[in-house]
Amino acid sequence: DFGGFSFTSGWDQTIGYTWSSVPTSTGRWMTPALYYSSTVHYSDFSVGYFFVDTNYFDAYRPDMNENHNLCSQMHNHGQATCGEEGPTSVEDCPRWFG
């Protein structure tokens with residue numbers, strides 16, 4: 001969940017942290033994309049892990065479910081935007097996550 005009720009709470013920074021090479025990055029937080037998979041090979045079997053962003057279920061119309069809505073008008077300021085790389089407004093937010 002990217003902040004509970006604000007789509008500008010740094011979802012892109014969560015992904016960027018994975019690819020960071022700055023000294024403060026420990027490399028233990030892995031979120032390379034909103035959707036990704038990884039196969040882990042053990043000595044006698046392998047497991048395919050699939051990671052799926054579920055924020056779709058927290059992206060309602062701006063006037064709905066204000067206490068748990070990434071696209072809430074109450075918790076996103078009037079000019080909230082992620083620019084070209086994400087939702088451009090609270091009105092665009094449900095479509096972008098959906």
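Let's start with a packing detail: the buried residues of helix 1 pack against helix 2. What you're looking at is a predicted model, a chain with two helices and two strands. Follow the sequence from start to end and the order of these elements reads α-β-β-α. The radius of gyration is 16 Å, well over the 13 Å that the globule rule gives for 98 residues, so the chain is more spread out than a compact globule.

**The chain as a whole**

- If you box up the C-alpha atoms along the principal axes, you get roughly 50 × 30 × 25 Å.
- Of the 98 residues in the chain, 32% count as buried.
- The accessible surface adds up to about 6600 Å², and carbon and sulfur atoms make up 55% of that surface.
- Take the contacts with a separation of 6 or more: 41% of them are between residues 24 or more positions apart.

**Helix 1 and its two sides**

- Helix 1 covers residues 11–19, and its buried residues are Trp-11, Thr-14, Ile-15 and Thr-18.
- These buried residues span an arc of only 90 degrees around the axis, which means they sit on the same side of helix 1.
- Turn to the other side of helix 1 and you'll find Gln-13 and Trp-19, both exposed.

**Cysteines**

- How many disulfides are there? The count comes to one disulfide.
- The partners are Cys-71 and Cys-93, with their sulfur atoms 2.1 Å apart.
- As a bit of background, a disulfide is a covalent bond that joins the sulfur atoms of two cysteines.
- The link of Cys-71 and Cys-93 is left-handed, with -70 degrees about the S-S bond.
- Cys-71 belongs to the loop between strand 2 (46–52) and helix 2 (93–97), while Cys-93 is in helix 2 itself, so the pair ties together parts that are 22 residues apart in sequence.
- Both Cys-71 and Cys-93 are buried.
- Cys-82, on the other hand, is in no disulfide; the nearest cysteine sulfur is that of Cys-93, and it is 7.8 Å away.
- Cys-82 counts as buried too, because its relative accessibility is 12% and the cut-off for buried is under 20%.

**Salt bridges**

- The structure holds two salt bridges.
- One of them pairs Arg-61 with Asp-63, and their closest N and O atoms are 3.3 Å apart.
- Asp-63 has 47% relative accessibility, so this residue counts as partly exposed.
- Another pairs Asp-92 with Arg-95, with 2.7 Å between the closest N and O atoms.
- Is Asp-92 buried or exposed? At 13% relative accessibility, Asp-92 counts as buried.
- Its partner Arg-95 counts as exposed, with 57% relative accessibility.

**Spots to look at in the loop between strand 2 and helix 2**

- Glu-85 is in this loop, and with a relative accessible area of 49% this residue is partly exposed.
- What does Glu-85 touch, leaving out residues up to four places away in sequence? The answer is Trp-11, Asp-12 and Trp-96.
- Glu-85 and Asp-12 are 73 residues apart along the chain, yet their C-alpha atoms are separated by 8.7 Å.
- Gln-79 is found in this loop as well, and its relative accessible area of 67% makes it exposed.
- Going from C-alpha to C-alpha, Gln-79 and Ser-89 are 6.8 Å apart in space, with their positions ten residues apart in sequence counted as the separation.
- Asn-65 has its place in this loop too, and with a relative accessible area of 41% Asn-65 is partly exposed.
- Asn-65 is not a glycine, but it has a positive phi of about 40 degrees.
- For context, most residues other than glycine have a negative phi.

Methods
Residues are numbered from 1 along each chain as its sequence is written. This is a predicted model: local features need pLDDT of at least 70, side-chain atom pairs count only at pLDDT 80 or more; totals for chains, interfaces and linings use all residues. Side-chain values use heavy atoms; hydrogens and water are left out. Helices (H or I, at least four residues) and strands (E, at least two) are DSSP runs, numbered from the N terminus. The radius of gyration is taken over C-alpha atoms; the globule rule is 2.2 Å times the number of residues to the power 0.38. Buried means under 20% relative accessible area, exposed over 50%, partly exposed in between (1.4 Å probe, protein chains only). Contact means heavy atoms within 4.5 Å. Accessible areas come from the Shrake-Rupley method with a 1.4 Å probe; for residues, only the protein chains shown count as cover. A salt bridge is a side-chain nitrogen of Lys or Arg within 4 Å of a carboxyl oxygen of Asp or Glu. A disulfide is a pair of cysteine sulfur atoms within 2.5 Å. The arc is that of the directions from the helix axis to the C-beta atoms.
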